[in-house]
Amino acid sequence: MPQSTSPTGRATASPLPSMPVTGARSWRDYALLVALACCWSSTYPLAKLALDTIPPATFITARSLIAAAFLFAILWMRGVRIPTDAKAWKLFATQQLINSTFPFLVITWSQQYVPASNTVVLASTTPIFAFLITSLITRHEPATLLKLLGAVLGLVGTIVIVGLDALRGFGSEIVAEIAILLATISFACATIFGLRLSEYDPMVVAAGSLLFGGLVLLPPSLIIDQPWTLHPTPTAIIATIVMGIVSSALGLMLFYMCLGRLGTLTTNAQGYLRIPIGVGLSVLLLGESVPSNLALGLLLVMAGVAAMTVPAERLKRR
């Protein structure tokens, strides 16, 4: 059902905040999912280009504020106002904390002790945690065994792409590994909590969340990094701007659109789509080598994504 937006940024025809949109899904809905995966897949190569000369706190702050400014400009041109009530900003703040600020800070700390390949595998458990939370606690949408199978296949495909060597060494840094799992659980909770924001325009939610996240990290950036003393390269500056607009602004807006159209479990399937897309971008932009098991891993990932996204009733009809 199409949504019209009021001047305050609230969608005037939306489902209950705790329920995903139901009904027939069109190819446009799945195109949004692929677009979201593409936006968020660019995070790794762009961050690697930017972090060479820009410290993490300043980089995250800059990309968040650039993204917020970009979305606020579009909202102004559309004539849509950001809500000013405390309820809306409490929701925006909570969503940003559990979907970005907390998990990203935890993962950044953990990566000092956990190899990158292990981190990718651990972070890919988000769809499984989303399934368990949905199935055992919230039950806000059907959590079928087919979707669980898809989540497991996607995780196996991720391990194959990253390399079976990624399984070695697990347990040597147990505290940091548990921290990454807590971050993935936070991501999973964010996809469920995000349904409460379905009454707002997705662009409004993305703008408000990014503004809050940027302002929270601005003081530490000013105190610790002293950005005025930095000398970032032109490549790092461009990467930060592109990441702010593409990965943060457009990506977060698409994320809330997918939540409303596809629900929690299907939206989480983009986490697996990001793996092969991210590998391709890393090969193209950074000159990294192609993983030897890319074809097999890609096949498993696509099978998992299909199981998580194709409606069960469509399979029954076939």
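In the predicted model, the largest cavity encloses about 50 Å³ of space, and the structure holds 1 cavity of 30 Å³ or more. The lining of the largest cavity is made up of I60, Q96, S100, T101, F104, L105, G213 and L217. Two elements, α4 and α9, each give two or more residues to this lining, and the greatest contribution is that of α4, which provides 5 residues. Helix α4 spans residues 86–110, whereas helix α9 covers residues 202–225.

The overall architecture in which this cavity is set is helical, with 14 helices and 0 strands in the protein, so that, by the definition of these elements as DSSP runs numbered from the N terminus, the pattern read along the sequence is α-α-α-α-α-α-α-α-α-α-α-α-α-α. The protein comprises 318 residues, of which 47% count as buried. When contacts between residues at least 6 apart in sequence are considered, 89% of them join residues at least 24 apart. The accessible surface amounts to about 15100 Å² for the protein, and carbon and sulfur atoms account for 71% of that area.

Part of this surface is occupied by a nonpolar patch consisting of F102, W109, Y113, I174, V175, I178 and L182, which together present about 680 Å² of accessible area. At least two residues of the nonpolar patch are supplied by each of α4 (86–110) and α8 (174–193), and the largest share, 4 residues, comes from α8. Helix α4 thus has a part in two of the features described here, since α4 supplies residues to the nonpolar patch and also gives the most to the lining of the largest cavity. Among the members of the patch, I174 is placed in helix α8 and counts as partly exposed because its relative accessibility is 46%, a value that falls between the limits of 20% for buried and 50% for exposed residues.

Charged side chains form a further set of interactions. Side chains of opposite charge can pair when their charged atoms come close. The structure holds 3 salt bridges. One of them pairs R261 with D29, with the closest N and O atoms 3.0 Å apart; this pair links distant parts of the chain, R261 lying in helix α10 (residues 234–262) and D29 in helix α1 (residues 27–41), 232 residues apart. The two partners fall into separate accessibility classes, in that R261 is partly exposed because its relative accessible area is 36%, while D29 is buried because its relative accessible area is 8%.

A salt bridge is also formed between R78 and D201, for which the closest N and O atoms are 2.8 Å apart. The pair again joins distant parts of the chain, with R78 in helix α3 (residues 56–78) and D201 in the loop between α8 and α9, at a sequence separation of 123 residues. Here R78 is partly exposed, with a relative accessible area of 40%, whereas D201 has a relative accessible area of 6% and is therefore buried. In a further salt bridge, E199 is paired with K87, and the closest N and O atoms are 3.8 Å apart. This pair also links distant parts of the chain, 112 residues apart, as E199 is in the loop between α8 and α9 and K87 is in helix α4. The relative accessibility of E199 is 17%, so E199 counts as buried, the cut-off for this class being under 20%.

Attention is finally given to the region around S221 and Q226. S221 is found in helix α9 (residues 202–225) and counts as buried because its relative accessibility is 2%. With neighbours within four places in sequence left aside, S221 is in contact with A57, T58, T61, Q226 and P227. Of these contact partners, Q226 is found in the loop between α9 and α10, and its relative accessible area of 36% is why Q226 is classed as partly exposed. The backbone of Q226 has a phi near 45°, a positive value in a residue other than glycine. Most residues other than glycine have a negative phi. The buried S221 is thus in contact with a loop residue whose phi is positive.

Note on methods:
Residues are numbered from 1 along each chain as its sequence is written. This is a predicted model: local features need pLDDT of at least 70, side-chain atom pairs count only at pLDDT 80 or more; totals for chains, interfaces and linings use all residues. Side-chain values use heavy atoms; hydrogens and water are left out. Buried means under 20% relative accessible area, exposed over 50%, partly exposed in between (1.4 Å probe, protein chains only). Contact means heavy atoms within 4.5 Å. Patches are made of residues with over 30% relative accessible area and no salt bridge: like charges are joined within 9 Å, nonpolar side chains (Val, Leu, Ile, Met, Phe, Trp, Tyr) within 5 Å. Accessible areas come from the Shrake-Rupley method with a 1.4 Å probe; for residues, only the protein chains shown count as cover. A salt bridge is a side-chain nitrogen of Lys or Arg within 4 Å of a carboxyl oxygen of Asp or Glu. On a 1 Å grid over the protein atoms alone, a cavity is a set of points where a 1.4 Å probe fits but cannot get out, and a pocket is an open set with protein on both sides within 12 Å along at least five of seven lines; lining residues have an atom within 4 Å of a point. Grid points are joined across faces, edges and corners, and a volume is the space filled by probe spheres set on the points.
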